[in-house]
Amino acid sequence: MALTILNQTVIMLILIVVGVICAKLKLISTSTNKELSQFVLQVVNPVVIFMSYQKDYEARLVKNLLLTFLFSVIAFAVTILVAYLFVWKKDGRHTEVERFSAIYSNCAFMGIPLVNALFGSEGVFYLTAFLTVFNIVIWTHGVVIISGEKDLKQVIKVFYSPTIIAIVLGIITFFLKIKLPAVPTNALQFIANINTPMAMIVSGVTISSTKITELIKNPRIYYVCLVKLLIIPVIVALVMIPFSIDEMVRMTVVITTSAPPAAMCTLFCLKYNKNSVYASEIFASGTILSVITLPLVVNLTEKLTNLLH
C-alpha cells in the first residue's frame, strides 16, 4: 500500500510541476486559477462524492461509513489537541496561521485522488464521512482561529455547500437504492475523472507564486510541516490501531489526516486580513514534503497494525 501511495504522490507531484510551468509561462493566471479552484471544489469534488454512493446497498458499507464518521470526529479532536500543544502562542509568530495549517488538511484535493487510487469508489464513499466532519469543523473552529470571532452564519453556510449537498443526495440514492441510467452516469464519471489532474495543476499554480528562497530560510515552516505531516498523523494512527475495524476505514482516516495543509488557509487569510503569504508558503512546503511523508506514515501504520493484530 505504501508503494501505491508513493507512486500516486509522485504522479501528483508531476501534475503539480505542470501547474507551476503553466503559471510561469502565463498560461494560467492567478485569477483563472481561483476560478479553476472553485470549479474543482464546487463541481468536480461533489460529483466524485455523489458517484461514490452509486453502489449496491450493503449493511457492511453502512457500518463502515458510521465508523469512519466516528473516527473522523476522534481524529479531529486529537489533531486540535496536538496542534495546540505543539504550536505555542508567542509574540511575533502568526500562531493562528500555523495552528490552522497544522489542523486542517487538503483532504478533498489530495485525499480524494489518493483514497480513490487505493480503494476505488468504496474508499471515497467512506471518505465522505471525513469530509462532512471536516466541513463542519473548518467553518466553525477554523473560522474562529483565523478571524478571532464567532460567526454563526458560517455554520449555517456549511449545510448549503455543494459537498454536503452531494453527500446528502448520495446518501438518499444509496439507501433508496436509486441508480442513475447509463448516460448520465457516464457523463458524471467523465467529470469525476478530471478531479486529480485539475486539483494538482491548481495546486501547482498556487505554489508557483511562493518564493522558494523564503521557504528555505524559514525553519519555522519546516516545524509546522513536521507537526502537520508526521507528528499528528502518527498519533492519530496510534489511537486507531488498537481498534478492530476495517483496514479501509483506518487507512482512509489516516491518509486524509496525513494530507498536506489545506489551501483554504490562504483563502481565509485573504478574507480576514491575516498573513496569506505565510499561509501559502506553508501550503507549498507541505504539499512538496507530503510526497515523502505520506508513504512513510502509511508504511508505519501498516507495520504497527500487523504487529498489534
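**Exercise 1. Is Arg 60 buried, partly exposed or exposed, going by its relative accessibility?**

*Solution.* Keep in mind from the start that this is a predicted model.
- Step 1: Arg 60 has a relative accessibility of 37%.
- Step 2: Buried means under 20% and exposed means over 50%, with partly exposed in between.
- Step 3: Arg 60 therefore counts as partly exposed, at 37%.

**Exercise 2. Find the salt-bridge partner of Arg 60 and describe the network around the pair.**

*Solution.*
- Step 1: Look for the acid that pairs with Arg 60: Glu 58 forms a salt bridge with Arg 60, and their closest N and O atoms are 3.4 Å apart.
- Step 2: Check the partner's surroundings: Glu 58 is partly exposed, with a relative accessibility of 35%.
- Step 3: Widen the view: a network of salt bridges links Glu 58, Arg 60 and Glu 122.
- Step 4: For the whole model, the count comes to five salt bridges.

**Exercise 3. Compare the settings of two further salt bridges, Asp 56 with Lys 179 and Arg 250 with Glu 247.**

*Solution.*
- Step 1: Begin with Asp 56 and Lys 179, whose closest N and O atoms are 3.0 Å apart.
- Step 2: Place them on the chain: Asp 56 lies in the loop between α2 and α3, Lys 179 in the loop between α7 and α8, and the two are 123 residues apart, so this pair links distant parts of the chain.
- Step 3: Consider accessibility: Asp 56 is exposed at 54%, while Lys 179 is partly exposed at 43%.
- Step 4: Turn to Arg 250 and Glu 247, where the closest N and O atoms are 3.2 Å apart.
- Step 5: Both of these residues sit in helix α12, three residues apart, or about one turn of the helix.
- Step 6: Arg 250 is buried, at 3% relative accessible area, whereas Glu 247 is partly exposed at 27%.

**Exercise 4. Which aromatic pairs does Phe 174 form with Tyr 57 and Phe 125, and what do they tie together?**

*Solution.*
- Step 1: The model has 15 aromatic pairs by count.
- Step 2: Tyr 57 and Phe 174 have ring centres 5.3 Å apart and planes at 35°, so this pair is tilted.
- Step 3: Tyr 57 belongs to the loop between α2 and α3 and Phe 174 to helix α7, so their pair ties together parts 117 residues apart in sequence.
- Step 4: Compare their accessibility: Tyr 57 is partly exposed at 37%, but Phe 174 is buried at 1%.
- Step 5: Phe 125 and Phe 174 also make a tilted pair, with 5.1 Å from centre to centre and 55° between the planes.
- Step 6: Phe 125 is in helix α5 and Phe 174 in helix α7, so here the parts tied together are 49 residues apart in sequence.
- Step 7: Phe 125 and Phe 174 are both buried.

**Exercise 5. Explore the largest nonpolar core and its residues with the most contacts.**

*Solution.*
- Step 1: This core has 91 residues, and Phe 100, Tyr 104, Phe 134 and Ile 255 have the most contacts inside it.
- Step 2: Helix α5 provides the largest share, 23 residues.
- Step 3: Look at the aromatic residues: Phe 100, Tyr 104 and Phe 134 are among the members of a cluster linked by ring pairs, which also includes Phe 76, Phe 130, Trp 139 and Phe 268.
- Step 4: Finish with Ile 255: beyond its neighbours within four places in sequence, its contacts include Ile 5, Leu 114, Phe 119 and Val 298.

How values were computed: Residues numbered from 1 in each chain as written. Predicted model: local features only at pLDDT ≥ 70, side-chain atom pairs only at ≥ 80, totals over all residues. Heavy atoms only, no water. Phe/Tyr/Trp six-rings, centres within 6.5 Å; stacked < 30°, edge-to-face > 60°. Helix = DSSP H or I, 4+ residues; strand = E, 2+ residues; numbered from the N terminus. Buried < 20%, exposed > 50% of the residue type's maximum accessible area, 1.4 Å probe, protein only. Salt bridge = Lys/Arg side-chain N within 4 Å of Asp/Glu carboxyl O. Core = buried A, V, L, I, M, F, W, Y, C linked by side-chain atoms within 4.5 Å. Contact = heavy atoms within 4.5 Å.
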